Amino acid sequence: MRDLLPEAYIEKWNLEGYEKERLQEVRLRAGAPLSLKYDGKERLLENGKVTPQDLNKIAQWLTGFGIHAYQQELKNGYFTVRGGHRIGVGGQAAFDGEGAFLGFCHMQSLHIRIAHEIPGVSDGLLGELYGEGRFLNTLILAPPGMGKTTMLRDLVRNISDGNDFSPGLQVSLIDEREEIAALYQGQASLLIGKRTDVIAGCKREQAMEMALRSLGPQVVAVDEIYGERDLEALKRLYGCGVHLLATHHCDSYAQLTAKPFGRELCRTKIFERFLVLQRADGVYRTAGIWDREGVRLL
């Protein structure tokens with residue numbers, strides 16, 4: 001907890017007993033009780049009423065008392081801090097004379113999404129994601145908070161370092177929201193493998209094109225794909241012989257095939273494996289794996 005909130009607030013709100021490994025998010029709203037998502041359930045702490053002053057102090061502490069260095073990120077409504085924790089911001093928006101969003105002049109809420117690193121969580125799945133020594137293009141599906149990014153990160157580590165099914169490959173990791181590798185002064189804070197290059201803080205489709213042109217990847221990994229631009233970038237990578245690993249917000253394989261983006265994605269036959277995740281009792285589990293023909297393998 002001590003890398004999420006200042007010591008004074010841990011004591012003030014009596015948070016000593018909460019294990020960070022089981023904590024998924026912390027929500028702070030001015031005038032409302034502190035909210036914790038713990039083991040998949042929300043808990044409101046009535047003794048933890050938040051004030052505007054608390055929000056400002058915590059935001060300053062999270063950014064190392066240099067919140068102005070995060071102004072570019074704040075234009076997207078969030079900032080990411082050391083450890084890969086992403087903090088969404090709500091409040092009174094500020095705009096320039098041409099109507100462009102500048103950030104928030106008064107914060108009303110902070111939403112801390114806690115990054116979880118679980119080395120080895122993907123180990124038991126590798127046999128289904130490789131074929132004849134080749135990594136099979138894989139799309140990870142799950143709703144928010146079910147471990148997509150955690151699984152993506154660990155698969156990148158396994159692909160990059162090598163495993164029982166293949167030697168290590170050159171991986172380009174597209175980290176648009178800076179929460180997968182959690183770069184700090186240019187160095188990854190989380191385990192992503194020794195053959196992984198990171199492009200962080202850049203739009204996905206632009207970063208994928210940059211990786212293709214300059215980094216010579218064998219595999220490109222990208223979080224939360226959606227929309228025509230992402231799909232076109234993936235098609236280009238696929239056409240150039242690059243292997244793909246990606247995630248997408250979706251409850252199930254059936255739901256993916258029921259919506260326009262998913263149907264178009266499946267029609268391209270780019271992805272050879274669809275890995276669906278769920279989370280129960282604080283543990284990430286595999287709900288199933290499908291192939292590109294829609295046949296369930298696991």
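## Pockets, a core and an enclosed strand

Q: Which elements each supply at least two residues of the lining of the second largest pocket?
A: Each of three elements supplies at least two residues of this lining; helices (H or I, at least four residues) and strands (E, at least two) are DSSP runs, numbered from the N terminus. This is a predicted model, where local features need pLDDT of at least 70 and side-chain atom pairs count only at pLDDT 80 or more, while totals for chains, interfaces and linings use all residues. Residues are numbered from 1 along each chain as its sequence is written, and side-chain values use heavy atoms, with hydrogens and water left out. The elements are α2 (52–62), β4 (78–81) and β11 (183–184).

Q: Which residues lie nearest the centre of the second largest pocket?
A: A pocket here is an open set of points on a 1 Å grid over the protein atoms alone where a 1.4 Å probe fits, with protein on both sides within 12 Å along at least five of seven lines; lining residues have an atom within 4 Å of a point. This one has a volume of about 320 Å³ and 14 lining residues. Nearest its centre are Leu 62, Tyr 70, Val 81, Arg 82 and Tyr 184.

Q: Which element gives the most to the lining of the largest pocket?
A: The largest pocket has a volume of about 380 Å³. Its 23 lining residues include Gln 24, Arg 113, Ile 114, Pro 144 and Gly 145, the closest to its centre. β1 (23–29), β6 (101–113) and α5 (148–161) each supply at least two lining residues. With four residues, the top contributor is α5.

Q: Why is strand β15 largely enclosed by the rest of the structure?
A: Strand β15 spans residues 243–249. It is largely enclosed because of how many of its seven residues are buried (under 20% relative accessible area, 1.4 Å probe, protein chains only): six.

Q: Which residue in β15 is the bridge partner of Leu 141?
A: Strand β9 (residues 138–142) runs parallel to β15, joined to it by five bridges; two strands pair if DSSP finds at least two bridges between them. The partner of Leu 141 in β15 is His 248.

Q: Which residue in β15 stands opposite Val 222?
A: Strand β14 (residues 219–222) is also parallel to β15, and four bridges join the two. Opposite Val 222 stands Ala 246.

Q: Which element gives the largest share of the largest nonpolar core?
A: This core (buried Ala, Val, Leu, Ile, Met, Phe, Trp, Tyr and Cys residues joined through side-chain atoms within 4.5 Å) has 31 residues. Leu 15, Leu 28, Leu 110 and Ile 112 have the most contacts inside it. The largest share, four residues, comes from α2.

Technical notes:
Buried means under 20% relative accessible area, exposed over 50%, partly exposed in between (1.4 Å probe, protein chains only). Grid points are joined across faces, edges and corners, and a volume is the space filled by probe spheres set on the points.
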